[in-house]
Amino acid sequence: MGAQWKAKHKDLASNAKGRLFGKLAKDIMIAARHGADPAANSRLRLVVEQARKVSMPKDTLERAIKKGAGLTGETVHFDYALYEGFAPHRVPVMVECLTDNVNRAASDMRVLFRKGQLGTSGSVAWDFDHVGMIEAEPVAPGADPEMAAIEAGAQDLEPGEDGTTVFLTDPTDLDLVSRALQGQGFNVLSAKLGYKPKNPVDPATLNAEQLEEVETFLAALDANEDVQNVFAGLAG
């Protein structure tokens with residue numbers, strides 16, 4: 001599951017596309033606060049590219065840009081909240097929320113963590129590194145991700161899905177490395193800050209029933225309307 005947990009099973013991901021569109025719409029609205037033109041707003045450009053990659057409807061995308069940029073007359077405001085704790089069987093979890101109702105989000109987290117353990121600030125964060133995460137794919141076959149990482153200034157890299165590579169950076173270098181990778185033969189698909197577990201739990205130490213409990217817990221977190229990202233300390 002690595003740094004960011006994602007639902008992998010069809011039964012858990014049946015409504016995944018709708019949830020993904022909702023999360024991306026929030027990212028788009030926040031990025032659009034700094035300008036509605038993706039060509040002049042690198043953060044917005046990356047999120048728009050992500051949205052197009054997963055086939056977000058054009059009208060949904062454009063509406064999110066206009067709302068975020070204040071072009072519709074509506075006031076858009078989201079508060080950021082970070083929750084930390086444990087999934088069942090002591091798997092550490094960091095949960096990022098973007099919410100228009102902090103009281104609702106806090107109440108939901110208390111309920112969702114009943115099957116795990118909700119921690120206080122800092123109780124789990126020490127076991128994660130706060131890093132920049134850049135998912136990129138080679139423009140042409142044969143591009144060397146290790147050489148690209150060195151040349152672009154990334155700290156580390158991990159194999160991603162479908163031939164992609166996840167480049168890890170210092171949080172302050174996220175935009176710099178993203179731009180540099182494009183000059184090293186890689187097309188950046190997404191770039192954001194996240195949490196990488198230092199000591200992930202090996203799934204092999206859990207039996208099938210225990211692993212299912214962890215996955216069900218994480219899926220419930222991911223399905224919450226205020227949850228933007230779930231980072232679980234589970235290897236693989």
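In what order do the strands of the open four-strand sheet with strand 8 run? The order is 3-1-2-8, with antiparallel pairing. That is where this set of close-ups of a predicted model starts.

**View 1. The open sheet with the order 3-1-2-8, and its edges.** Strand 3 (117-118) and strand 8 (227-232) are the edge strands; each has a single partner strand, so one side of each is left without a neighbour in the sheet. Strand 1 (residues 79-87) and strand 2 (residues 91-99) run antiparallel and are joined by nine bridges. If you want one pair to click on, try Asp79, whose bridge partner in strand 2 is Thr99.

**View 2. Helices lying on the 3-1-2-8 sheet.** Helix 7 (residues 208-223) packs on this sheet and touches strand 1, strand 2 and strand 8. The direction of helix 7 makes about 155° with that of strand 8. Helix 1 lies across strand 2 and strand 8, and its run is at about 110° to strand 8.

**View 3. Helix 1 against helix 2.** Here helix 1 (residues 16-31) and helix 2 pack with their axes 9 Å apart, at an angle of about 160°. An angle over 145 degrees counts as roughly antiparallel, and that is therefore the label for helix 1 and helix 2. Their crossing is left-handed. On the helix 1 side, look for Leu24, Asp27, Ile28, Ile30 and Ala31; they meet Arg43, Leu44, Val47, Gln50 and Ala51 in helix 2. Sorted by class, this contact has seven nonpolar residues, one polar and two charged.

**View 4. Helix 1 against helix 3.** Swing over to helix 3 (residues 58-68), which packs with helix 1 at an angle of about 40°, the axes being 7 Å apart. Helix 1 and helix 3 are therefore oblique to each other. Helix 1 passes helix 3 in a right-handed crossing. Ala25, Ile28 and Met29 of helix 1 make the contact with Leu61, Ala64, Ile65, Lys67 and Gly68 of helix 3. The class split for this contact is six nonpolar, one polar and one charged. Keep an eye on Ile28, which is listed in the contact with helix 2 and in the one with helix 3.

**View 5. The open sheet with the order 5-6-4-7.** This sheet has four strands with antiparallel pairing. Its edge strands are strand 5 and strand 7 (186-197), each pairing on one side only. On average, neighbouring strands in this sheet are turned by 25° against each other, ignoring direction. Helix 2 (residues 42-53) packs on the sheet, where it touches strand 4 and strand 7, and its direction makes about 100° with that of strand 7. Helix 5 (residues 145-152) lies across strand 5, strand 6 and strand 7, at about 25° to strand 6.

**View 6. Strand 6 and its partners.** Strand 5 (residues 156-159) pairs with strand 6 (residues 165-169) in the antiparallel sense over four bridges. Leu157 has Phe167 as its bridge partner in strand 6. Five residues sit between the strands of this hairpin, and Asp162 takes a positive phi near 55° there. Strand 4 (residues 128-138) also pairs with strand 6 in the antiparallel sense, over five bridges. Met133 stands opposite Leu168 in strand 6.

**View 7. Three residues up close: Val131, Thr165 and Ser190.** Start with Val131 in strand 4. Is Val131 buried or exposed? With 7% relative accessibility, Val131 counts as buried. Leaving out neighbours within four places in sequence, Val131 is in contact with Leu168, Thr169, Pro171, Lys192, Leu193, Gly194 and Lys196. Next comes Thr165 in strand 6, which is buried with a relative accessible area of 8%. Beyond residues up to four places away in sequence, Thr165 touches Ile134, Glu135, Ala136, Pro145, Leu157, Glu158 and Gly160. Last is Ser190 in strand 7, which counts as buried at 9% relative accessibility. With residues up to four places away in sequence not counted, Ser190 touches Gln50, Met133, Ile134 and Glu135. For a distance to check, Ser190 and Asp37 are 153 residues apart in sequence, and their C-alpha atoms are 18 Å apart in space.

Terms used
Residues are numbered from 1 along each chain as its sequence is written. This is a predicted model: local features need pLDDT of at least 70, side-chain atom pairs count only at pLDDT 80 or more; totals for chains, interfaces and linings use all residues. Side-chain values use heavy atoms; hydrogens and water are left out. Two strands pair if DSSP finds at least two bridges between them. Helices (H or I, at least four residues) and strands (E, at least two) are DSSP runs, numbered from the N terminus. Axes are lines fitted to C-alpha atoms, for helices over the stretch in contact, and angles run from 0 to 180 degrees between N-to-C directions. Contact means heavy atoms within 4.5 Å. Angles under 35 degrees count as roughly parallel, over 145 as roughly antiparallel, 65 to 115 as roughly perpendicular and the rest as oblique. A crossing is left-handed if the near helix is turned anticlockwise from the far one by less than a right angle, and right-handed if clockwise. Ala, Val, Leu, Ile, Met, Phe, Trp, Tyr, Cys and Pro count as nonpolar, Asp, Glu, Lys and Arg as charged, and the others, Gly among them, as polar. Buried means under 20% relative accessible area, exposed over 50%, partly exposed in between (1.4 Å probe, protein chains only).
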